[in-house]
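Work through the exercises below with the sequence and the model open. Try each task before reading its solution.

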Amino acid sequence: DVKVGGSYTFDQSDPSNWYHPVGFAYVPDGAHGTTWGGDEEDEVESDHALRYLIHGAATTCERKKGETGLACYEPEFFLPQDVWEEKKYAAVLTITPEVVERAA
């Protein structure tokens, strides 16, 4: 069961995840828009609700306060596969009241 306040780790270290960093939106297909060619919908971007990890540590590239670290995490997925496989990747999603409200 998914619960408010619960945190859920999505381990992306399996080779099948190479080139496919996970992202989270409030509606299905959020990053791609809800209609063909439509505007992008909002994605979960609060660092209270979502953290991207490399080797168990939060991503460390320069980012704006409140961002999740996707800007640091995503480029790693486009490294050559043998280089990418040397690291462990995960995303931790916390179901905050804000996430529930925005997804309703």
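A salt bridge here is a side-chain nitrogen of Lys or Arg within 4 Å of a carboxyl oxygen of Asp or Glu. Keep in mind that this is a predicted model.

**Exercise 1. Salt bridges**

Task: How many salt bridges does this rule give, and what parts of the chain do they tie together?

Solution.

Step 1. Count the pairs. The rule yields two salt bridges.

Step 2. Take the pair Arg-102 and Asp-42. Their side chains meet at 2.4 Å, N to O. Arg-102 belongs to helix α3 (residues 97-103), while Asp-42 sits in the loop between β1 and β2, so this pair ties together parts that are 60 residues apart in sequence.

Step 3. Check the cover on both partners. Arg-102 has a relative accessible area of 36%, which makes it partly exposed. Asp-42 is partly exposed too, with a value of 47%.

Step 4. Take the pair Glu-76 and Lys-87. The N to O distance is 3.1 Å. Glu-76 is in the loop between α1 and α2 and Lys-87 in the loop between α2 and β4, so parts 11 residues apart in sequence are tied together.

Step 5. Check the cover again. Buried means under 20% relative accessible area. Glu-76, at 15%, counts as buried. Lys-87, at 26%, is partly exposed.

**Exercise 2. The sheet**

Task: What is the strand order of the sheet, and which strands stand at its edges?

Solution.

Step 1. Read the order. Four strands form an open sheet, β1-β4-β2-β3, and the pairing is antiparallel.

Step 2. Find the edges. β1 (7-11) and β3 (57-58) each have a single partner strand, so one side of each has no neighbour in the sheet.

Step 3. Follow β2 to β4. Strand β4 covers residues 89-94, and five bridges link it to β2 in the antiparallel sense. Within this pairing, Arg-51 stands opposite Val-92 in β4.

Step 4. Follow β2 to β3. Strand β2 covers residues 50-54 and is joined to β3 by two bridges, again antiparallel. Leu-53 has Ala-58 of β3 as its bridge partner. Ile-54 stands opposite Ala-57 in β3.

Step 5. Ask about cover. Four of the five residues of β2 are buried, so the rest of the structure largely encloses this strand.

**Exercise 3. Positive phi**

Task: Where do His-55 and Tyr-19 lie, given that each takes a positive phi?

Solution.

Step 1. Recall the background. Most residues other than glycine have a negative phi.

Step 2. Place His-55. Its phi is near 55 degrees, a positive value in a residue other than glycine. His-55 lies in the loop between β2 and β3. The hairpin of these strands has two residues between them. At 51% relative accessibility, His-55 counts as exposed.

Step 3. Place Tyr-19. Phi of Tyr-19 is near 75 degrees, also positive. Tyr-19 is found in the loop between β1 and β2. With 41% relative accessibility, Tyr-19 is partly exposed.

**Exercise 4. Charge on the surface**

Task: Which residues gather in the patch of negative charge?

Solution.

Step 1. List the members. They are Asp-11, Asp-14, Asp-82, Glu-85 and Glu-86.

Step 2. Apply the cut-off. A patch residue needs over 30% relative accessible area and no salt bridge.

Step 3. Test one member. Asp-82 has a relative accessible area of 55% and is exposed. Asp-82 belongs to helix α2 (residues 81-84).

**Exercise 5. Sequence and space**

Task: How far apart in space are Ser-13 and Ile-54, and how far apart are Ala-71 and Cys-61?

Solution.

Step 1. Take Ser-13 and Ile-54. They are 41 residues apart in sequence, and their C-alpha atoms lie 9.6 Å apart.

Step 2. Add the setting of Ser-13. This residue is in the loop between β1 and β2. Ser-13 is buried, at 17% relative accessible area.

Step 3. Take Ala-71 and Cys-61. Here the sequence separation is 10 residues and the C-alpha to C-alpha distance is 8.0 Å.

Step 4. Add the setting of Ala-71. Helix α1 (residues 70-73) holds Ala-71. With 53% relative accessibility, Ala-71 is exposed.

Technical notes. Residues are numbered from 1 along each chain as its sequence is written. This is a predicted model: local features need pLDDT of at least 70, side-chain atom pairs count only at pLDDT 80 or more; totals for chains, interfaces and linings use all residues. Side-chain values use heavy atoms; hydrogens and water are left out. Patches are made of residues with over 30% relative accessible area and no salt bridge: like charges are joined within 9 Å, nonpolar side chains (Val, Leu, Ile, Met, Phe, Trp, Tyr) within 5 Å. Accessible areas come from the Shrake-Rupley method with a 1.4 Å probe; for residues, only the protein chains shown count as cover. Lys and Arg count as positive and Asp and Glu as negative; His and the chain ends are not counted. The place of a charge is taken as NZ of Lys, CZ of Arg, CG of Asp or CD of Glu. Buried means under 20% relative accessible area, exposed over 50%, partly exposed in between (1.4 Å probe, protein chains only). Two strands pair if DSSP finds at least two bridges between them.
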